[in-house]
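Here's a quick tour for anyone opening this structure for the first time. Have a look at it, then work through the points below.

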Amino acid sequence: MSLETLKPYFPWITLGALVLLVGALNPSFLNPASLVSVVADIVPLFIMALGMTFAIYIGGIDLSVQQVANLVTVVATVYLAQFGVFVAVICVLAGFAIGAVSGWVTTRQFVPSFVATLAMGFIALSGARFLSGERALSMNAEARDASFGWMFGTTAGVPHELVIAGILLALAWFLQTRTTFGRALKAVGAGELAAVSSGLNVDRIKILAFALSGTFAAIAGLMFSVKLSGGDANLANGFLILAIVAVLVGGTPLTGGVGGVINTLVGTLIVVVIRTAMVYLEVDATMQQMIFGIILIVAIAMTIDRSKMRIVK
Amino acid sequence: MSTFIKDFIEREKINRRNFLFASAYGLGGAAALGALGPSMARAALTDPTIAWSYRNRTNPYWNEIVSGGEAFVESLGMSRDALTHLINEGSSEKSLADVKAILAKTDGNLALAIDTNDAPNARPVVEAVAASGAYVSTLWNKTDDLHPWDFGDNYVSHMSWSDEGPAEQTARILLEAMGGKGGVVHLGGIASNNPAIERLQGLKNALKDYPDVELLAAEPADWDTQKANQVMSAFLTRYGDEITGVHCANDTIAYGVLEALRAEGIEDMPIVSYDGNPQAVQLVADKKILATVFTNPHWGGGITASLAYHAAIGHFKPSEEPKEHREFYGPTILVQPDDALEFKANYLDSVPTYDWTDFWGPSNGPIVYK
Amino acid sequence: MAITETSGKTRVSAALGREALVKWAPLLVLLVLCAFFALMEPRFLSTRNFARILIAASPALMVAIGVTFIILMGSIDLSMEGTVSVCAVTFAFCFLWLGGTLASWAWLAIPLAMLVGAALGFINGLVHVKLKIPSFMASLAMGFVGTGLAMVMTGGDRIRIEDELYRGLLTERALGFPLMVYVAGLFLLVAWFIQTRTTLGRNFYAVGGGEDLATASGLNVNRVRIMGFTLAGVFFSVGALLAVGRIGIAETATGNNFMFLSITAVVVGGTALWGGIGGVWNTLVGVLIVFVIGNGMVVIGLPGYVQDAVLGILVILAVILSTDRRSISFVK
Amino acid sequence: MYQLNQVDKRFPGVHALKAVDFTIGRGEIVGLVGENGAGKSTLMKVIYGAYQPDGGTVTIDGKTVRFQNPRQAMEHGIGMVFQEQSLITNLTVMENIFLGFEQQFVRWGVIDWKAMAEAARHQLRKVKMDIDPSMTTSKLSFAQRQLVELAKVLTLEERIDGDLVILLDEPTSVLAKEEVELLFGLVRELTSRASFIFVSHRLDEVLELSDRIYVMKDGAVVDVVAQGTAEVDRIQHKMVGRDVDKEYYREQKQKPYDPSQTLVSFDGVGVAGKFSEISFDLHPGEVLCLVGTEGSGREAILRTIFGLEQPSTGTVLVKGAPYARANAQQAVARGVGYVPRERKVEGIVNGMNVYENMTLSQMRRYASGGVLRIGEEKALAQHWIDRLGIKTPDVYKDCGGLSGGNQQKVVLAKWRSGGSDIILLDHPTRGLDIGAKEDVYDMVREMSDAGAGIVLVADTLEEAIGLSHTILVLKDGIFQKRFDGSPGDKPTLYDLVHHMI
């Protein structure tokens with residue numbers, strides 16, 4: 001086994017090493033039940049990162065996801081009583097639409113996705129603030145349980161959240177590896193000009209990638225809203241940076257065409273292990289952010305595959 | 001007023017009687033004793049981990065809260081480091097994840113004091129704590145349909161502050177100082193936060209009695225000094241001399257407003273704020289701010305942790321306590337220039353030693369839902 | 001032959017016209033915005049209000065100039081929030097420790113803070129270049145480290161700077177504008193000087209225009225990169241000093257909101273995220289656009305919940321107008 | 001003067017240079033030829049310091065030197081003239097010329113722009129250019145940029161006291177004939193000051209310019225021939241290790257096309273700023289060649305057929321109908337296939353494997369309801385790998401790792417396997433070695449036989465003449481002359497050049 005052949009597995013190795021390290025320092029970390037519970041909690045974050053993967057995979061970025069999720073928590077809470085389970089459709093459509101507009105502004109108006117999605121996020125935030133009347137809203141408990149109670153049960157000890165995450169991951173993976181759309185995404189990410197010269201409708205593919213990102217952000221927002229049984233314009237704050245970090249640490253660099261949704265799974269797990277380890281190892285609260293940053297540098301340095309990066313910008 | 005403060009301190013220290021803020025708002029009728037929730041299998045814990053989960057360390061308010069938590073831990077004969085800090089950085093997601101992590105780590109042997117960052121987040125936190133047999137007391141944020149008595153003993157208590165009344169009180173001081181005429185602007189907190197809504201409502205209530213004062217504008221400044229500074233600058237452009245008074249939703253906002261005025265060379269603008277941070281109290285003493293409202297976050301932080309801890313070790317059984325002992329308002333005290341220095345000396349410069357088992361002495365009556 | 005000549009000429013003049021339009025588009029956007037707000041609310045158009053906008057914009061301008069150099073190289077720096085906080089806190093601690101007034105040795109805290117900014121930028125550059133981590137990730141992580149470091153230093157406390165001399169940055173005025181505006185203007189000129197008249201400044205453009213080509217020409221690109229991040233760190237620290245001068249408080253939160261704000265301003269000003277195009281004057285215009293929008297919306301009395309959306313829409317429009325669509329094939 | 005002794009260089013899995021001996025004397029022009037992969041570029045990189053040899057020594061005037069980077073090589077008088085794309089287009093001409101060496105114009109930390117402009121003018125005069133050195137480089141033509149490249153390397157003259165060695169890497173690939181002559185004249189003049197190493201695929205030019213020619217094959221120098229004794233045949237023989245077919249362009253396989261049908265029809269088409277009033281018809285089996293200098297509108301016409309340019313005047317009919325909206329998807333759907341010049345950027349996707357690249361333009365054929373049938377894709381790829389003799393270990397190989405010729409075959413397989421019958425070839429043999437070129441020529445004939453119409457922009461005029469049925473000569477976007485080129489009745493080089501310039 002040479003270093004070259006090991007490269008694709010670096011994120012997994014990093015994850016394994018981290019888990020073992022924390023487990024060695026505090027064996028109770030490895031208790032399966034608590035691991036499952038910790039992992040189940042990050043499902044909304046994971047789903048958001050999953051969507052973000054598509055945007056980063058084509059070499060862009062989506063900074064609107066957090067605000068999309070904020071908007072969706074409000075939409076879900078406000079309209080749950082009226083539409084029941086179908087509120088999910090509205091939420092997903094809203095996420096899709098915002099993502100599609102971001103994509104349109106990026107591809108057709110040549111506004112870099114960094115700025116386009118940031119600006120679209122502001123617009124979503126305005127929507128959330130307006131719709132919520134600038135208040136924290138809570139869901140009607142009965143309506144919530146009737147429509148979305150299934151999201152948070154357990155079957156045979158497996159939390160349904162994990163099942164949902166698994167299904168979405170499988171779906172995203174299938175989309176990425178087995179469909180014409182996924183192949184086109186890869187082509188756009190790795191060589192946009194060649195994709196154009198092959199007659200691919202590159203604009204549409206890019207717009208769809210951002211729309212997917214918005215859609216997954218909406219699903220993440222919906223789950224979070226149901227989990228917290230409420231919504232407001234700030235509820236999902238804190239998701240954005242972590243979602244980006246999860247994608248990057250997993251080994252999907254911003255250069256595009258490399259990595260993918262499985263990497264994001266690993267990346268999210270790495271982020272969660274680091275974060276949970278802080279609590280387990282009783283790291284001083286004021287030190288946590290600094291240590292998080294340092295470990296992040298180490299983790300990224302270990303996980304990214306530099307062989308496809310000609311120039312490191 | 002100074003004797004008032006002295007009394008207040010005395011009572012908070014030793015008196016078990018409820019102390020009520022001396023005005024006529026906010027206190028509803030006594031809540032009836034509700035049906036008690038199912039009690040949990042685990043009766044009491046031995047030597048539980050004590051944890052405080054809060055938003056961040058960059059706000060003096062939360063530092064005060066934490067200092068109370070630490071003082072409580074020290075009162076148990078432990079070092080202040082024994083208190084576990086969980087900082088959510090304004091993210092509900094992290095708040096919940098941290099709670100889950102520490103529950104897993106301690107295997108439920110935990111007494112948790114928490115502000116859940118956002119009201120909706122309180123329910124999953126409480127459910128998670130109850131499910132693992134730990135004990136939790138909440139501060140500030142929870143939704144109206146979530147009640148400690150629905151969770152047996154594990155959800156020990158919730159403390160909040162009724163801000164509408166005190167904010168109205170400061171507003172009246174402000175409006176008097178303005179001579180009952182002119183224009184006032186309000187710089188609020190994060191718009192969806194409950195205290196931000198209540199503090200603005202307090203101003204609006206007071207304005208009803210001052211028909212000659214116009215509320216020129218109310219903008220959110222997100223509890224943020226820099227944002228407040230910018231919003232105030234823009235207000236000065238828009239309204240100029242029409243502004244004769246400023247109502248701030250908290251002290252950190254007031255700092256930004258003061259600096260914006262200072263940049264314009266305006267020194268004598270009447271301003272009131274909220275929270276009673278040491279710096280703000282000093283500004284009140286210097287008559288830069290007319291009044292602020294002290295909510296005693298030190299006590300709030302300590303007593304919230306204490307409630308969770310003592311319930312956890314079985315010192316008292318929450319389900320046997322009346323509802324007003326499980327949802328109650330924290331104390332508020334108005335600070336004005338003539339008593340500010342004395343208040344500061346007694347209250348902030350040397351923090352009083354509290355009896356952390358006097359759970360409800362300084363509290364301010366049961367929480368009332370509208 | 002004649003036909004080709006003339007068509008060639010019209011081609012050139014059309015290209016010049018378009019180029020000029022794109023070049024001046026950000027400034028036009030700024031003027032249109034000012035005119036619009038002035039129409040809606042005449043009081044917008046006053047020296048005092050411009051002074052207010054400039055006071056608010058000065059620290060952000062410094063941070064944005066710092067990141068402009070990085071963006072010119074085609075990289076990005078997201079560490080500014082951490083760096084600004086650390087510099088502000090370091091400055092405040094040293095200032096108070098050395099006497100607490102500019103009239104004493106406490107003035108040494110100013111160069112010290114700039115040194116700290118340079119050091120943080122240097123480390124940022126090292127991590128990026130030596131570990132071969134893309135700058136987006138390296139600087140993002142360094143931002144966490146910076147904010148965390150500021151937190152460790154302060155333990156969450158705020159430090160007040162009461163010195164009347166130092167606060168003179170805000171309170172003393174000349175020609176209607178506070179001193180900090182002139183300080184920011186001075187550093188803008190310094191940045192312009194670096195950009196146009198020094199080897200380092202020109203090398204930023206070379207790296208942004210074609211990194212591998214620059215390497216082949218014998219340019220030590222890694223050195224340019226590290227020096228760029230160091231320089232950015234210095235400008236971040238100047239931003240921190242002005243931010244402290246404006247509010248009189250140094251704290252962990254001093255750096256908050258600078259990240260998205262400064263990068264948005266740089267892009268709105270017409271500096272391309274892919275490198276090589278733009279400069280500090282573009283950044284000045286971009287920062288002013290963002291702050292004029294912010295100030296103008298409050299001045300004309302837009303409801304708070306609409307302001308975010310309006311800012312978003314105007315930012316997109318400004319970038320669209322200042323982009324030469326024909327010169328780029330795609331954007332990511 | 002400059003000498004490589006037994007220089008060795010290895011990369012993982014490749015022995016790139018095998019004990020190479022190389023000498024260049026003062027004022028000498030040395031040619032360096034070899035097929036792609038023969039080790040020319042590795043050797044050049046060793047010479048100008050981008051690579052460090054694993055074995056052997058490099059000596060200058062008998063002294064052993066070792067360069068860690070190109071800069072150190074420059075300090076010893078060794079400079080490299082890159083292909084035209086190596087100037088940084090957002091910088092001014094003078095900045096490009098002195099990039100990395102600005103320090104000489106810096107006084108107290110400040111760049112003295114006037115001094116730099118003056119020095120730049122001096123350099124530009126050496127290559128007989130009279131342009132404003134503060135012009136942005138993006139405004140120069142490709143030929144001008146090539147000269148600026150040379151001027152840039154010539155700054156070594158002032159910087160270095162000793163002898164200069166200047167490497168010229170494919171300097172003529174973008175130049176028109178007269179510009180090539182100008183360049184060669186300059187090089188000859190400059191031999192008073194410098195020695196040159198001239199690397200080119202154009203054997204005739206190498207023969208014309210060089211005093212001696214090194215022939216490389218498989219990482220070793222297989223022959224050194226002096227100018228007087230050099231013969232094209234012999235060199236080609238050494239390069240490929242076999243005789244090059246006299247019927248290089250497969251003229252014997254050229255068959256008449258079928259004029260009764262029309263695939264593409266241009267009627268008075270113009271694109272603003274690119275070309276105007278162009279009319280022609282492309283028929284099945286026809287190879288139509290567009291000839292002209294860089295910027296004559298050749299590429300723009302290809303791009304118009306492929307839907308990447310919107311015609312401003314006239315009508316374009318592809319298979320009898322105009323595009324509803326000009327875009328590449330429409331063109332591909334009509335059966336147009338585009339083989340771009342920038343193979344590595346536009347032709348293949350670097351990072352995708354062989355079968356992924358091959359089906360990129362026709363994924364729908366290998367998918368049901370958007371789900372790919374990857375097994376069929378691999379089978380297709382394997383079929384074409386066998387048919388075209390693509391050298392790749394398997395279908396999973398990243399196309400970015402294939403050699404240029406094999407990449408080009410993948411691109412051609414992409415279009416042929418998808419049934420495209422209008423093939424646009426933009427410099428299809430650029431940078432390919434002779435063997436790979438011949439394969440491409442074979443494929444061109446095969447496609448014609450199968451009834452495809454081909455529009456070609458050739459790498460050389462010989463290639464254009466050899467391959468085409470029809471030649472359209474363009475100048476500055478204006479149609480000049482049409483030639484018919486049936487076998488045995490082809491126009492001469494002179495005929496074409498006469499109308500080009």
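Start with chain B: 64% of its 370 residues count as buried. Keep in mind that this is a predicted model. From chain B we'll go to its sheet, its domains and one residue, and then on to chain D and the contacts between chains.

**Chain B at a glance**

- If you count up the secondary structure of chain B, you get 11 helices and 12 strands.
- Take the contacts in chain B between residues at least 6 apart in sequence: 77% of them join residues at least 24 apart.

**The sheet in chain B**

- Chain B has an open sheet of six strands, which pair in parallel and come in the order 2-1-3-4-5-11.
- At the edges sit strand 2 (84–87) and strand 11 (327–329) of chain B, each pairing on one side only.
- Ignoring direction, neighbouring strands of this sheet are turned by 15° against each other on average.
- Strand 5 (residues 155–160) of chain B runs parallel to strand 11 of chain B, and three bridges join the two.
- Looking across to strand 11 of chain B, you'll find Phe328(B) standing opposite Met159(B).
- Helix 3 (residues 92–106) of chain B packs on the sheet, where it touches strand 1 (49–54), strand 2 and strand 3 (110–114) of chain B. The direction of helix 3 makes about 175° with that of strand 1 of chain B.
- Helix 10 (residues 297–312) of chain B packs on the sheet too, touching strand 1, strand 3, strand 4 (135–139) and strand 5 of chain B. Set against strand 4 of chain B, the direction of helix 10 makes an angle of about 160°.

**Two domains in chain B**

- The domain assignment splits chain B into domain 1 (21–161 + 296–331) and domain 2 (164–294).
- Taken over C-alpha atoms, the centres of domain 1 and domain 2 of chain B are separated by 31 Å.
- Each domain of chain B puts eight residues into the contact between them.
- On the domain 1 side of that contact in chain B, you get four nonpolar residues, four polar ones and no charged ones.

**A residue to zoom in on: Glu219(B)**

- To find Glu219(B), go to strand 7 (residues 213–220) of chain B.
- Is Glu219(B) buried or exposed? Glu219(B) is buried, because 24 other C-beta atoms lie within 10 Å, and 20 or more is what it takes to count as buried.
- Leu187(B) is 32 residues away from Glu219(B) in sequence, yet the two are 5.3 Å apart in space, C-alpha to C-alpha.
- Leaving out residues up to four places away in sequence, Glu219(B) touches Leu187(B), Gly188(B) and Val231(B), plus Val298(C) and Gly304(C) from chain C.

**Two domains in chain D**

- Chain D is divided as well, into domain 1 (2–240) and domain 2 (251–500).
- Here the domain centres, taken over C-alpha atoms, are 33 Å from each other.
- Domain 1 of chain D brings 13 residues to the contact, and domain 2 of chain D brings 14 residues.
- On the domain 1 side of chain D, the elements giving two or more residues are helix 5 (142–153) and helix 9 (232–240). Helix 9 of chain D gives the most to that side, with three residues.
- That same side of domain 1 of chain D divides into six nonpolar, four polar and three charged residues.

**Where chain C meets chain A**

- This contact takes 46 residues from chain C and 42 residues from chain A.
- Four helices of chain C each supply at least two residues to its side: helix 5 (135–154), helix 9 (211–216), helix 11 (258–268) and helix 13 (304–321).
- Helix 5 of chain C has the largest share of that side, at 13 residues.
- The residues on the chain C side divide into 30 nonpolar, 10 polar and six charged.

**Where chain D meets chain C**

- Chain D puts in 21 residues here, and chain C puts in 18 residues.
- On the chain D side, helix 2 (70–75) and strand 8 (110–111) each supply at least two residues. Helix 2 of chain D gives the most, with three residues.
- By class, the chain D side comes to 10 nonpolar, seven polar and four charged residues.

Note on methods. Residues numbered from 1 in each chain as written. Chains lettered and ligands numbered in written order. Predicted model: local features only at pLDDT ≥ 70, side-chain atom pairs only at ≥ 80, totals over all residues. Buried ≥ 20, exposed ≤ 12 C-beta atoms within 10 Å, placed from the backbone. Contact = placed C-beta atoms within 7 Å. Domains from an automatic or database assignment. Nonpolar A, V, L, I, M, F, W, Y, C, P; charged D, E, K, R; others polar. Pairing = 2+ DSSP bridges. Axes fitted to C-alpha atoms, helices over the stretch in contact; angles between N-to-C directions.
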